[in-house]
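Let's walk through a protein model together, one feature at a time. Keep the 3D view open and turn it as you read.

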Amino acid sequence: VIQRSVGPASLSLLTFRVYAAPKKDSPHKSYMKIDELSLYSVPEGQSKYVEEPRTQLEENISELRHRCEPYTNLCQEIYSHTKPKVEHFVQWGVDNYNYLQNAPPGFYPRLGVIGFAGFVGLLFARGSKIKKLVYPPFFMGLGASVYYPQQAITIAQITGEKLYDWGLRGYIVVEDLWNPGFKWNILWS
């Protein structure tokens, strides 16, 4: 059974050329040109394109498309702006996932201590909303500075410089407000 089914199937994979020759006793036929075939002939000047009148449904769909066009353009523009950001965010997530899958030794215990410090800060921040905003990051920063002292020093220096700069700007603004030559109409114009 297998030999009978495989044989014809394998013959279909073979390729060979077939040469055809006219019979010697048949009369010579003249070949037809493509223009003479009825399949390819086009009647001259008999056809005329007539556009069909648009139906009420087609008119309504056309009007709907014209009214929706600004919104679809807006959606396409928003999509083109947000697509790279979403792709970047997804790539960031994949990179972090790969990092967490191959974390360096001791990473998870450090992460646990820092997270626990944030939880302790949340426990100490009972009652006040401002305490709930300040204490957890402060305690997490303390926990992180134990494990990463060099980065903590760098962050503290940059933060100190920025706070000093903001304080100096505020001092200058208050000093200008108390200056007797200050013109109040400048603020309101």
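Start with Cys75, which is exposed, with a relative accessible area of 52%. Keep in mind as you look that this is a predicted model. Now find the other cysteine of interest here, Cys68, which counts as partly exposed at 33% relative accessibility. How far is the sulfur of Cys75 from the closest cysteine sulfur? That closest sulfur belongs to Cys68, and the distance is 9.9 Å, too far for a bond. Seen from the other side, Cys68 likewise has Cys75 as the owner of its closest cysteine sulfur. A disulfide needs two cysteine sulfur atoms within 2.5 Å, so the 9.9 Å between these sulfurs rules one out. The count of disulfides comes to zero.

Next, step back and take in the whole fold. The protein has six helices and zero strands. If you follow the chain from the N terminus, the elements run α-α-α-α-α-α. How much of this protein is buried? Buried residues make up 5% of its 189 residues.

Let's move along to a stretch that carries a label from a database. An unreviewed UniProt entry annotates residues 107–125 as a "transmembrane region". In the model, this stretch of chain is 95% helix and 0% strand. Its end C-alpha atoms lie 27 Å apart. Within helix H3 you will find Val113, a residue that counts as partly exposed at 38% relative accessibility. Try locating Val146 as well: Val113 and Val146 are 33 residues apart in sequence, and their C-alpha atoms are 9.9 Å apart in space.

Aromatic rings are a good thing to look for now. How many aromatic pairs does the structure hold? There are six of them. One is formed by Tyr99 and Phe107, whose rings sit 5.5 Å apart, centre to centre, with 85° between the planes. Planes over 60 degrees apart count as edge-to-face, and the pair of Tyr99 and Phe107 is therefore described as edge-to-face. The two partners differ in how they meet the surroundings: Tyr99 is partly exposed, with a relative accessible area of 40%, whereas Phe107 counts as buried at 16%.

Compare that with the rings of Phe124 and Phe139. Their centres are 5.6 Å apart and their planes meet at 45°, so this pair is tilted. The pair links distant parts of the chain, with Phe124 in helix H3 (residues 107–124) and Phe139 in helix H4, 15 residues apart. Phe139 counts as partly exposed, at 22% relative accessibility. Look around these two rings and you can pick out a cluster, in which ring pairs link Phe124, Tyr135, Phe138 and Phe139.

Our last stop is the largest pocket, which has a volume of about 220 Å³. Which elements give two or more residues to its lining? They are helix H4 (129–147) and helix H5 (149–178). H5 gives the most, with five residues. To find the pocket on your screen, highlight some of its lining residues, among them Gly141, Leu142, Ser145, Tyr148, Gln151, Ile155 and Thr159. What classes of residue make up this lining? It has six nonpolar and four polar residues, and no charged ones.

Note on methods:
Residues numbered from 1 in each chain as written. Predicted model: local features only at pLDDT ≥ 70, side-chain atom pairs only at ≥ 80, totals over all residues. Heavy atoms only, no water. Buried < 20%, exposed > 50% of the residue type's maximum accessible area, 1.4 Å probe, protein only. 1 Å grid on protein atoms, 1.4 Å probe; cavity = no way out; pocket = protein on both sides within 12 Å on 5 of 7 lines; lining within 4 Å. Points joined across faces, edges and corners; volume = space filled by probe spheres on them. Helix = DSSP H or I, 4+ residues; strand = E, 2+ residues; numbered from the N terminus. Nonpolar A, V, L, I, M, F, W, Y, C, P; charged D, E, K, R; others polar. UniProt positions renumbered as here; feature names shortened; annotations may be inferred. Phe/Tyr/Trp six-rings, centres within 6.5 Å; stacked < 30°, edge-to-face > 60°.
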